[in-house]
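Student: I should like to go through this structure by asking how each description is justified. May we take the terms one at a time?

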Amino acid sequence: MNARYLLAAGIASTIALAACGGGGGTTPAPVTPPVTIPVATAAPITAPQDRAMIPMTLSIPRLTPSAAARSPRFLSPGVGSIAIYDGTTLIYVANLSLDSTPQFTTVYAKSGSTTVAFGSCTFTSSRATCTLTITSTVGPHAFDIIAYPGSQGQSGPAPAPPPAPQPADTGTPPLFTGVISSEGELSVSLSPGANPGQTLTMLGVADKVIVAHASNGPYNQATTFGYRIEDSTNSQIVQPGNAFDNGPVTITASP
């Protein structure tokens, strides 16, 4: 107890002496200016310069168009699945059902520098307008969307096993079934960040010719035939010429 008391008294004496200022003069003690400590500033943060996003819009007829409203540029109302390519690389496959929620069900999504995200669809009495966003690297790209009349990913005999997926892939590349009904291509050079939206032009792919009149005509006489060209979903592709479909159609006559 005595040792602790003496130590405390010594400390109190030291504090009292310091407060006296050592002498009875009237001049105030000099004031030490405050020390300014520089504060380190964080390095500026910039957005990644190697990524780009481009939104796209697809317009899908919900009813078979009338003769007056037919258009050669369409995504067939009978479409059941969509495959998307970046160049020759398959990056995304989805099955489509406009009467379900969600409308697009992912079958395969490749991991890597290019990804696809589907948004929602809006509807009118005659068509559905669906959106998607592709995120990829900056620079030139050739995106290709191919539509099929049926869904993909069904079980069945396979001529060869599909490639093994990467660890982050969703699903495996399907063995496509059905005949392509329409196709759209977009060549674009992407800038960093958000790019202007695009409406992808889908073109019907010719699958069959339907002759409206008798298939036989009189020998060695001019004969007029009515016909229409359809895609694999039986939707008509407008003619004349080959400016509006992706497959040439040849009609031959035999004796």
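Student: In which strand is Thr135 found?

Tutor: The model is a predicted one, and in it Thr135 is found in strand β6, which covers residues 127–137.

Student: Why is Thr135 called buried?

Tutor: The relative accessible area of Thr135 is 19%. Buried means under 20%, so Thr135 is classed as buried.

Student: Which residues is Thr135 in contact with, leaving aside its neighbours within four places in sequence?

Tutor: They are Arg51, Ala52, Met53, Ser113, Thr114 and Thr115. Each has heavy atoms within 4.5 Å of Thr135, because that is what contact means here.

Student: What makes Phe123 partly exposed?

Tutor: Phe123 lies in strand β5, residues 115–123, and its relative accessibility is 35%. Buried would require a value under 20% and exposed a value over 50%, so Phe123 counts as partly exposed.

Student: How far apart are the C-alpha atoms of Phe123 and Arg62?

Tutor: The two C-alpha atoms are separated by 8.8 Å, although the residues are 61 apart along the chain. Arg62 is also in contact with Phe123, as are Leu98, Gln103 and Ala128, when neighbours within four places in sequence are left aside.

Student: What makes Asp207 and Lys208 a salt bridge?

Tutor: The closest N and O atoms of Asp207 and Lys208 are 3.2 Å apart. The rule asks for a side-chain nitrogen of Lys or Arg within 4 Å of a carboxyl oxygen of Asp or Glu, so the pair qualifies. By this rule the count comes to one salt bridge. Side chains of opposite charge can pair when their charged atoms come close.

Student: Are Asp207 and Lys208 buried, partly exposed or exposed?

Tutor: Asp207 has a relative accessibility of 36%, and Lys208 has a relative accessible area of 26%. Partly exposed covers the range between buried, under 20%, and exposed, over 50%, so Asp207 and Lys208 both take that label.

Student: How do you know that β12 and β13 pair?

Tutor: Four bridges join β12 to β13, residues 227–230, and the two run antiparallel. Pairing needs at least two bridges, so the condition is met. Val209 has Ile229 as its bridge partner in β13, and Val211 stands opposite Tyr227.

Student: What makes β13 and β14 a pair as well?

Tutor: β13 and β14 are joined over two bridges in the antiparallel sense; at least two are required, so they also pair. In β14, Gln236 is the bridge partner of Glu230. The two strands form a hairpin with five residues between them.

Student: Which strands are the edge strands of the sheet with the order β12-β13-β14?

Tutor: This is an open sheet of three strands with antiparallel pairing. Its edge strands are β12 (208–211) and β14 (236–237), each of which pairs on one side only.

Student: What phi value does Asn234 have in the turn of the hairpin?

Tutor: Asn234 has a positive phi of about 70°. Most residues other than glycine have a negative phi, and most peptide bonds are trans. On the second point, a cis peptide bond joins Thr101 and Pro102, with omega of about 0°. Pro102 is found in the loop between β3 (89–96) and β4 (104–109).

Student: Why can Val211 belong to a nonpolar surface patch?

Tutor: Val211, in strand β12, has a relative accessible area of 44% and is partly exposed. A patch residue needs over 30%, and Val is among the nonpolar side chains that count, so Val211 meets these conditions. Val209, Val211, Phe225 and Tyr227 together make the patch, of about 330 Å².

Student: Where in the chain is confidence lowest, and where is it highest?

Tutor: Helix α1, residues 2–20, is lowest at a mean pLDDT of 37, while strand β2, residues 81–86, is highest at 94. For the chain, the mean is 73, and 64% of residues reach 70 or more.

Student: How many contacts beyond four places in sequence does the model have for residues 35–47?

Tutor: The model has zero such contacts for residues 35–47, where pLDDT stays under 50. Over residues 155–159 pLDDT also stays under 50, and there the model has two.

Notes:
Residues are numbered from 1 along each chain as its sequence is written. This is a predicted model: local features need pLDDT of at least 70, side-chain atom pairs count only at pLDDT 80 or more; totals for chains, interfaces and linings use all residues. Side-chain values use heavy atoms; hydrogens and water are left out. Buried means under 20% relative accessible area, exposed over 50%, partly exposed in between (1.4 Å probe, protein chains only). Patches are made of residues with over 30% relative accessible area and no salt bridge: like charges are joined within 9 Å, nonpolar side chains (Val, Leu, Ile, Met, Phe, Trp, Tyr) within 5 Å. Accessible areas come from the Shrake-Rupley method with a 1.4 Å probe; for residues, only the protein chains shown count as cover. pLDDT is the predictor's confidence in each residue, from 0 to 100.
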